[in-house]
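Open the model in your viewer and keep the selection tool handy. We will walk through it stop by stop, beginning with a small puzzle.

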Amino acid sequence: MKKILLIAICVFLSVSSFSQSENGNDILDNAVYARIALGFPGGEQSDNDVVTAGPQYEDGTIFYLNTLKKEDKMKLGIDVTYVSVSGVVNSPDLINDDKSDSYFMAGAKAGPCFSYNFAGDFIADAYFKLYPNMLIAGETQYHDYNAENQFKLGTSFGLNVRYKALMVGFEFTSTKYDFEVGTLSPSSESIKLPVTFVSLGVNF
């Protein structure tokens, strides 16, 4: 894990040094963004008997690699999310049942990004990122999935559509965490926690 983080830092520093804009008026210039999102978990944490959702906040920068510029309307870059904080809460949709599960994730993301200026001021970004993150477990009453705080490496991929300062997006993240499942005879399991996010943000 330390080697992975060291490589990520080296890549980030290299990208920063080679991603200076060629033209200040270029619509495909480096983009700083901040966004909020609503997440919908899947996998074993999803259940028809519960209302499942959670918020997310992220900020970061898309650094374009001008040496890899494909055409006037296309660019390759690195999308670096400095801060990614999200939470998931499963609340039973049942009267007089106050049991719930809650999980919180905090981390950062980095990976390649392809941007296409498909019309006017509209830009589409497609990306794939590595997602080192810390799982912080809250209450786990409903599913009886107990977990210690832990650091794991996940993945993320998604699509943004930008218009001037506005950004809307779709993202899918997935990380495996270690859980103690059950109450009488708990067993250790590595369980994937996938989450789909729909976001709204700004970029400049």
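Which residues does Ser187 touch, not counting residues up to four places away in sequence? Select Ser187 and look around: the contacts are Phe179, Glu180 and Val181. Ser187 is found in strand β9, and it is partly exposed, with a relative accessible area of 32%. Now add Tyr145 to the selection. The C-alpha atoms of Ser187 and Tyr145 are separated by 9.9 Å, although the two residues are 42 apart along the chain.

**The whole chain**

Zoom out before the next stop. This is a predicted model, so colour it by confidence. The average pLDDT of the protein is 81, and 73% of the residues score at least 70. Among the elements, β7 has the highest mean pLDDT, 97, while helix α1 (residues 2-18) has the lowest, 46. Select residues 4-25 as well: the pLDDT there is below 50, and this stretch has 22 contacts in the model beyond near neighbours in sequence.

Switch to a cartoon view. The protein has one helix and nine strands, and from the N terminus the helix comes before the strands, in the order α-β-β-β-β-β-β-β-β-β. Of the 204 residues, 41% count as buried. If you take contacts between residues at least 6 apart in sequence, 64% of them join residues at least 24 apart. A surface view shows about 10800 Å² exposed, with carbon and sulfur atoms supplying 63% of that area.

**The nonpolar cores**

Go inside next. In soluble globular proteins, nonpolar side chains tend to be buried together. Here the largest nonpolar core has 15 residues. Select Tyr103, Met105, Leu135, Tyr145, Tyr177 and Phe179, which have the most contacts inside this core. Strands β4 (101-119), β5, β8 and β9 (187-203) are the elements that give two or more residues to the core. Its largest share, four residues, comes from β9.

Centre the view on Met105. Leaving aside residues up to four places away in sequence, Met105 touches a list of residues that includes Ser84, Val85, Ser86 and Val88, as well as Leu135, Tyr177 and Leu193. A second, separate core has nine residues; select Tyr33, Ile62, Tyr64 and Met167, which are among them.

**The aromatic rings**

Now show the side chains of Phe, Tyr and Trp. A pair of aromatic rings is described by the distance of the centres and the angle of the planes. Ring pairs count when the centres lie within 6.5 Å, and by this rule there are four aromatic pairs. Select Phe122 and Tyr163: their ring centres are 4.6 Å apart and their planes are at 35°, so this pair is tilted. Phe122 is in strand β5 (residues 122-140) and Tyr163 in strand β7 (residues 150-163), 41 residues apart, and the pair links these distant parts of the chain. Phe122 is partly exposed at 33% relative accessible area, and Tyr163 is partly exposed at 34%. Add Phe118 to the selection to see a cluster, in which ring pairs link Phe118, Phe122 and Tyr163.

Then pick Phe157 and Phe172. These two form a tilted aromatic pair, 5.5 Å centre to centre with 45° between the planes. Phe157 lies in strand β7 and Phe172 in strand β8 (residues 166-181), so the pair ties together parts 15 residues apart in sequence. Phe157 is partly exposed at 42% relative accessible area, and Phe172 also counts as partly exposed, at 28%.

Which rings have a lysine lying over the face? Select Lys109 with Tyr131: Lys109 lies over the face of this ring, 4.8 Å from its centre. Then select Lys129, which lies over the face of Tyr127 at 4.6 Å from the ring centre.

**Two last stops**

Is Pro132 buried or exposed? Pro132 lies in strand β5, and it counts as buried because its relative accessibility of 18% is under the 20% cut-off. The C-alpha atoms of Pro132 and Ala110 are separated by 9.2 Å, with their positions 22 residues apart along the chain.

Finish at Lys164, in the loop between β7 and β8. Its phi is near 55°, a positive value in a residue other than glycine. Lys164 counts as exposed, at 54% relative accessibility.

Terms used. Residues are numbered from 1 along each chain as its sequence is written. This is a predicted model: local features need pLDDT of at least 70, side-chain atom pairs count only at pLDDT 80 or more; totals for chains, interfaces and linings use all residues. Side-chain values use heavy atoms; hydrogens and water are left out. Rings of Phe, Tyr and Trp (its six-membered ring) pair if their centres lie within 6.5 Å; planes under 30 degrees apart count as stacked, over 60 as edge-to-face and the rest as tilted. Buried means under 20% relative accessible area, exposed over 50%, partly exposed in between (1.4 Å probe, protein chains only). A charge sits over a ring if NZ of Lys or CZ of Arg is within 6 Å of the ring centre and within 35 degrees of the ring normal. A nonpolar core is a set of buried Ala, Val, Leu, Ile, Met, Phe, Trp, Tyr and Cys residues joined through side-chain atoms within 4.5 Å. Contact means heavy atoms within 4.5 Å. Accessible areas come from the Shrake-Rupley method with a 1.4 Å probe; for residues, only the protein chains shown count as cover. pLDDT is the predictor's confidence in each residue, from 0 to 100.
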